[in-house]
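User: I keep meeting labels for residues and contacts. Please show me how each label is earned.

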Amino acid sequence: MLEALDRLYEEARNALEAVADSEGLSAWYSRYLGRKGAVTQMVRRVGELPKEERPAFGRRANEVKAALEAAFQARSRAIKEAEIAREVEAGAIDVTLPGRPLPRGRLHPSTRILREIVAILTRMGFQVYRSRDVETDEYNFQLLNMPPHHPARDMWDTFYTTEPGVLLRTHTSPGQIHAMREYAPHPIRVILPGMCYRYEQITARSEIQFNQVEGLAVGRRITMTDLKGTLVEFARQLFGEDRPYRFRCSHFPFTEPSVEMDIQCILCGGEGCPVCKHTGWLEIMGAGMVHPVVLRNGGYDPNVYSGFAFGMGPERIAMLKYGINDIRYFWGNDLRFLEQF
Ligand code: FA5
């Protein structure tokens with residue numbers, strides 16, 4: 001059995017020399033030194049030997065195992081080094097190659113349209129005024145001529161906070177009061193862009209959060225003609241000279257008289273589609289002459305001063321301009337949508 005052990009040792013050494021890669025190494029290890037390997041199996045057979053031969057066989061078996069383990073370690077190191085050298089050579093960096101382009105970020109469609117709207121109105125002399133998202137009932141409703149329990153409050157389904165009298169603004173109009181109280185009695189030309197929140201049924205054209213851009217002009221002898229001229233010029237610049245528009249009588253507690261401005265639906269060309277509720281028109285803003293009560297709440301004497309105000313929804317406008325048929329895409333965070341802009 002000693003000779004058989006030596007023959008096995010020789011065979012294992014030769015086999016190890018022939019191994020060329022990591023897979024071959026692990027195959028070799030399980031074949032000879034693993035639990036079911038040939039060397040392990042032979043060592044277990046020591047019990048078959050006469051008692052006096054067992055010590056010599058045991059010693060030799062230990063030598064063989066130790067020598068094979070050491071040879072295995074050395075061969076593993078050599079093969080690993082050769083493999084690393086091959087990988088480095090194959091994957092060597094060619095510094096003369098052009099770089100891989102990084103994916104470029106894009107502006108969100110709401111940001112794009114907001115910038116466009118703000119650019120047109122600032123060219124017309126309006127200045128951007130920032131107003132808070134978290135408002136009080138007083139500013140969002142009361143100072144805008146809607147006392148508690150006023151039925152007009154139903155026009156805006158409201159997210160209230162746990163703090164009594166504190167809510168998420170349902171429109172940018174409370175910013176009118178902030179601006180007036182800051183500037184009274186001087187003339188004002190401001191626009192107020194920002195996010196609004198409504199506890200609404202989400203549909204293709206209504207979201208629970210959306211932007212508005214409010215406009216406010218206060219001064220002496222400001223008339224409805226100024227309002228109309230401003231909005232028509234705005235629509236021309238944003239939608240082009242030929243896009244049909246119309247004004248409809250409306251009602252807002254904070255303007256008198258009040259109107260709404262519609263643009264012919266670009267998606268269906270006025271034919272009627274789900275986005276325009278099959279009317280051919282899409283409302284883009286509410287507007288009117290600032291109500292005397294609101295002027296007074298802002299610190300202006302309505303016998304001396306007058307003003308106009310308007311409030312529009314940039315997402316609805318972006319839907320028209322870019323042919324987006326569902327407002328839910330805006331906050332859906334679907335890259336396939338966002339990457340189109
Ligand atoms: C108002 O919010 C008034 N504060 C506007 C105003 C300002 C009138 C100043 C007079 C003077 P309204 O609820 O209609 O009005 O909303 C104004 C615009 O916001 C709408 O024309 C629409 O474009 C947009 N809008 C309203 N609700 C939503 C919604 N749920 N999702 C997306 N856009 C909306």
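Analyst: Start with D6, in a predicted model. D6 has 30% relative accessibility, so it counts as partly exposed. Buried means under 20% relative accessible area, exposed over 50%, and partly exposed in between (1.4 Å probe, protein chains only).

User: What makes the contact of D6 and R60 a salt bridge?

Analyst: A salt bridge needs a side-chain nitrogen of Lys or Arg within 4 Å of a carboxyl oxygen of Asp or Glu. The D6 and R60 side chains meet at 2.8 Å, N to O. D6 lies in helix 1 (residues 2-18) and R60 in helix 4, so the pair ties together parts 54 residues apart in sequence. Helices here are DSSP runs (H or I, at least four residues), numbered from the N terminus.

User: Why is R60 called partly exposed?

Analyst: R60 has 25% relative accessibility, so partly exposed is the label.

User: What makes R31 and E11 a salt bridge?

Analyst: Their closest N and O atoms are 3.5 Å apart. R31 is in helix 2 (residues 22-32) and E11 in helix 1, 20 residues apart.

User: Is R31 buried or exposed?

Analyst: R31 counts as exposed because its relative accessibility is 52%. E11, at 38%, counts as partly exposed.

User: Why is D326 called buried?

Analyst: D326 has a relative accessible area of 16%, so it is buried. Its salt-bridge partner is R328, with the closest N and O atoms 2.8 Å apart. R328 is partly exposed at 39%.

User: How were residues numbered and chosen?

Analyst: Numbering runs from 1 along each chain as its sequence is written. Local features need pLDDT of at least 70, side-chain atom pairs count only at pLDDT 80 or more, totals for chains, interfaces and linings use all residues, and side-chain values use heavy atoms, leaving out hydrogens and water.

Notes:
Helix = DSSP H or I, 4+ residues; strand = E, 2+ residues; numbered from the N terminus.
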